[in-house]
Amino acid sequence: MAPILSFSNPAVSLSNGISRRIFSFSTVATTSGIMSASSTSPTSKKAKTSSEPKPLIVAVIGYTGGVGTCLLSAMDKIGLKPHALVRSSTMTIDGVEVPVNFAELGNRLLEAAESQGGTPVIADVTASADVQNEYKNWLSRGISVATANKGIFAGEEAKYQELLDSVVPPAKLLHEATVGAGLPILGSILALKASSHTIVKVEGVLSGTLAYVLGAVAGGKMTLSEAVTNAKDLGYTEPDPRMDLNGMDVARKAVILARLSGLTGIELDKLDIESLVPKALEECSVDDFMSGLSAYDKDFAARVATVEESGSRLHYAAKVDVDKKLVSVGPMACEASHPFNSAGPDNLIAITTNFYTRPLVVQGAGAGGDVTATGVLVDILLCRER
Ligand SMILES: NC(=O)c1ccc[n+]([C@@H]2O[C@H](COP(=O)([O-])OP(=O)(O)OC[C@H]3O[C@@H](n4cnc5c(N)ncnc54)[C@H](OP(=O)(O)O)[C@@H]3O)[C@@H](O)[C@H]2O)c1
């Protein structure tokens, strides 16, 4: 069966959804509660006309986490009550707490959707592979999934394709928040493709941490080790800064961008990734890494200086060259006019198409609970569209 909701087809629904998205938001704002499962009575179902939006029947998995608590708060602001709440060990459906059972969660959402004439949606704001393993079951039963969980989207292509093939319309699989948190990046790429643009190139500064580090070493303001120490002290890095400096998180996002741009055969372990972690410091303790890094300061400063002498600046970025079918991740020399030079600590994505030869730029905070939650919430609202 040809999947209607493959990643080429959500392009259609998203591009069509742009005008409808405005309708969705105004509907939410003016009819607060209309989308809430608990606030939609059987009477309101009978009274509903075909032009009224269907209520959303939403389960939030990971509701106690950083993004999850922000998602509940954002949903509350627009009058969207969750039907089910799930965390590691328990789930609450209709106010009753039971052990987690994902098949049962699907059953209960479908029952509620059936009885209320609504659209069932599961929002995954965990980082759990176990939860992602359930996507196929839900999608094949017509339950939409809106997620911030990167795993499977950056994972093995065959598994990713299987997931796309499992979607039974009208269910949707949307994951805007997996790249750039709440920034409209994936939706923009899909909308451009659906409206006849040819994506030529997608470049992105996708790590606030690495943007901070390379910003700090620019012009010789700090050495590499000073910049990393500062970033760690300010809480901008993972407890082990190598998790940021190895570029793997950027690379996962690059895989997602490449796949949405239309490239196939892209696998994380085959990408050209330049890590900022010196080979000799890959396996040692965090303390030894931090104290050993200064030995590499001189070489890195020389590299920065060479780039700057030619009028460029070094940025840690992902580049998807669709024509050449190349995906690369690492420090890139960008000439003065390049949009990356105005990114500051933000995420910035530059999308070049046949029509946008000067790239379309999307810029803003690329991390944080609130913005990530709003990215997931936009996807939840898009699930209501047909
Ligand atoms: N924060 C950001 O800026 C950002 C940006 C983009 C994407 N994301 C992504 O958003 C996701 C959530 O991030 P976070 O920082 O909010 O994580 P977090 O604070 O660690 O919260 C994780 C949540 O997932 C729940 N959970 C974990 N395993 C589960 C399982 N097997 N079944 C059900 N629930 C489970 C946890 O429940 P318990 O409390 O019961 O363990 C908790 O509610 C991650 O995939 C992250 O990569 C985050």
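User: Why is Gly68 called buried in this model?

Analyst: The model is a predicted one, and the term rests on a count of neighbours. A residue is buried if 20 or more other C-beta atoms lie within 10 Å of its own. Gly68 has 25 other C-beta atoms within 10 Å, and is therefore buried. Gly68 belongs to helix 3.

User: Which residues does Gly68 touch, leaving aside those up to four places away in sequence?

Analyst: With those excluded, Gly68 touches Val60, Gly62, Tyr63 and Val125. In addition, its C-alpha atom is 8.0 Å from that of Thr126, although Gly68 and Thr126 are 58 residues apart along the chain.

User: Which residues come nearest to the ligand, and how many residues surround it?

Analyst: There are 27 residues around the ligand, and Gly62, Gly65, Arg87, Ser88 and Thr126 come nearest. By class, this shell comprises 12 nonpolar, 12 polar and three charged residues.

User: Which helices supply at least two residues of the shell around the ligand, and which gives the most?

Analyst: Helix 3 (66-77), helix 5 (129-132) and helix 16 (369-382) each supply at least two. The greatest contribution is that of helix 3, with three residues.

User: What makes helix 16 a largely enclosed element?

Analyst: The burial count decides the matter: 12 of its 14 residues are buried, so helix 16 is largely enclosed by the rest of the structure. The buried residues include Val371, Gly375, Asp379 and Leu382.

User: How do you know whether the length of helix 16 agrees with expectation?

Analyst: Helix 16 reaches 20 Å from its first C-alpha to its last, and for its 14 residues, at 1.5 Å a residue, 20 Å is expected. Helix 15 (residues 297-309) can be tested likewise: its 13 residues should span 18 Å, and its end C-alpha atoms are 18 Å apart, so the two values agree. Just after helix 15, Gly311 takes a positive phi of about 85°.

User: What makes strand 4 and strand 7 the edges of the seven-stranded sheet?

Analyst: This open sheet has the strand order 4-3-2-1-5-6-7, with mixed pairing. Strand 4 (96-99) and strand 7 (173-174) each have a single partner strand, so one side of each lacks a neighbour in the sheet.

User: How do you know that strand 2 and strand 3 are paired?

Analyst: Two strands pair if there are at least two bridges between them. Strand 2 (residues 84-86) and strand 3 (residues 90-93) share three bridges, in the antiparallel sense. One residue pair can be named: Ala84 has Ile93 of strand 3 as its bridge partner.

User: Which helix lies across strand 1, strand 2, strand 3 and strand 5, and at what angle does it run to strand 1?

Analyst: Helix 4 (residues 102-116) lies across these strands, running at about 160° to strand 1 (56-61).

User: What makes strand 10 largely enclosed, and which strands does it pair with?

Analyst: Eight of the 10 residues of strand 10 (residues 312-321) are buried, so the rest of the structure largely encloses this strand. Strand 10 is joined to strand 8 (residues 199-205) by four bridges, the two running antiparallel; Val202 there has Val320 of strand 10 as its bridge partner. Strand 10 also pairs with strand 11 (residues 326-335) in the antiparallel sense, over 10 bridges, and His315 stands opposite Met332 of strand 11.

User: Why is Lys325 called partly exposed, whereas Ser196 is called exposed?

Analyst: A residue is exposed if 12 or fewer other C-beta atoms lie within 10 Å, buried if 20 or more do, and partly exposed in between. Ser196 has 10 such neighbours and is therefore exposed. Lys325 has 13, and so is partly exposed.

User: What is notable about phi in Ser196 and Lys325, and where do these residues lie?

Analyst: Ser196 has a positive phi of about 85° although it is not a glycine, and its place is in the loop between helix 9 (186-194) and strand 8. Lys325, also a residue other than glycine, has a positive phi near 55°. Lys325 lies in the loop between strand 10 and strand 11, a hairpin with four residues between the strands.

User: Is the peptide bond from Pro169 to Pro170 cis or trans, and what is its omega?

Analyst: The bond is cis, with omega near 10°. Pro170 is located in the loop between helix 8 (157-165) and strand 7.

How values were computed. Residues are numbered from 1 along each chain as its sequence is written. This is a predicted model: local features need pLDDT of at least 70, side-chain atom pairs count only at pLDDT 80 or more; totals for chains, interfaces and linings use all residues. A residue is near a molecule or strand if its C-beta atom, placed from the backbone, lies within 6 Å of it. Ala, Val, Leu, Ile, Met, Phe, Trp, Tyr, Cys and Pro count as nonpolar, Asp, Glu, Lys and Arg as charged, and the others, Gly among them, as polar. Two residues are in contact if their C-beta atoms, placed from the backbone, lie within 7 Å. Axes are lines fitted to C-alpha atoms, for helices over the stretch in contact, and angles run from 0 to 180 degrees between N-to-C directions. The expected span of a helix is 1.5 Å times one less than its number of residues.
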